[in-house]
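Student: Hi! Could we look at a protein together? I'd like to start with one residue and work outwards.

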Amino acid sequence: MKKIILFLIVSIRMFSLEGSFGIGSISTKDKYTGKEENIVIPTLILKYGGFYFRGSELGYNSKIRDIEYGSSLQFSFGGNLKPEDVENKILEERKAPLYLGLYGRQKVFNGGNLELKSQREFQSPGAILGLWYSQFVKLNLPLLFIPYVRYSIRDKDYSNYYLGLRENEVAYWDTFYKSLDNSSKVDLGFTSSLFLTKKMSL
């Protein structure tokens, strides 16, 4: 489970370059250890033409009428799991995900966005197909509220690598071996921005 707790963002604009920078905190909970890890990370968002760099994602996007499409390369903060992290109860290291993705996004209703994204994950190797809907809600205060729902399907390779145990590992966990099929996940959440000034938001 991954959750963004706080981001402080300052906007910048220079010639054809647009962007923002700030600092944020991410909380993660490991499936195997149950431990929570808090990671403080710098945040940089840059846009130049159709190219962009956003946090841990490098990509390119464009538009055909009201449909936005693009591709991206994305890595995850945290997520590495080594045998010594769980008292050698796993024998193979699980590396943090690295994704190559293609997506299409279209505005729907009033302030809504519908996105379909396909990602190839190189560490498993596996694949994820996700459908995401988000809705912009403007409040009277200088506050932007964006609730979202996301449904994703992870294929067999991804599910076994990140969610399962190897045959030679199950004895350490007092369980039995089971090869996983495709798995699915539903995420519900929201993001929000409080505009402190024209160039700073929280």
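Student: Which strand does leucine 114 lie in?

Tutor: Leucine 114 is part of strand 8. Keep in mind that this is a predicted model.

Student: Okay, and is leucine 114 buried, partly exposed or exposed?

Tutor: Its relative accessible area is 36%. Buried means under 20% and exposed means over 50%, so leucine 114 counts as partly exposed.

Student: What sort of surface patch does Leu114 help to make?

Tutor: A nonpolar one, of about 800 Å². Among the other residues in the patch are Leu116, Leu129, Tyr151 and Val186.

Student: Which elements give two or more residues to that patch?

Tutor: Those are strand 8 (112-121), strand 9 (126-135), strand 11 (143-154) and strand 12 (183-194).

Student: And which strand gives the largest share?

Tutor: That's strand 11, with 3 residues.

Student: New topic! How many helices and strands does the protein have?

Tutor: There is 1 helix, and there are 13 strands. Along the sequence the pattern reads β-β-β-β-β-β-β-β-β-β-β-α-β-β.

Student: What percentage of the residues is buried?

Tutor: Of the 202 residues in the protein, 31% are buried.

Student: How much area does the whole protein expose?

Tutor: About 13600 Å², and carbon and sulfur atoms supply 60% of that.

Student: Last one: what share of the contacts comes from residues 24 or more positions apart?

Tutor: Counting contacts with a separation of 6 or more, such residues account for 46%.

Note on methods
Residues are numbered from 1 along each chain as its sequence is written. This is a predicted model: local features need pLDDT of at least 70, side-chain atom pairs count only at pLDDT 80 or more; totals for chains, interfaces and linings use all residues. Side-chain values use heavy atoms; hydrogens and water are left out. Patches are made of residues with over 30% relative accessible area and no salt bridge: like charges are joined within 9 Å, nonpolar side chains (Val, Leu, Ile, Met, Phe, Trp, Tyr) within 5 Å. Accessible areas come from the Shrake-Rupley method with a 1.4 Å probe; for residues, only the protein chains shown count as cover. A salt bridge is a side-chain nitrogen of Lys or Arg within 4 Å of a carboxyl oxygen of Asp or Glu. Helices (H or I, at least four residues) and strands (E, at least two) are DSSP runs, numbered from the N terminus. Buried means under 20% relative accessible area, exposed over 50%, partly exposed in between (1.4 Å probe, protein chains only). Contact means heavy atoms within 4.5 Å.
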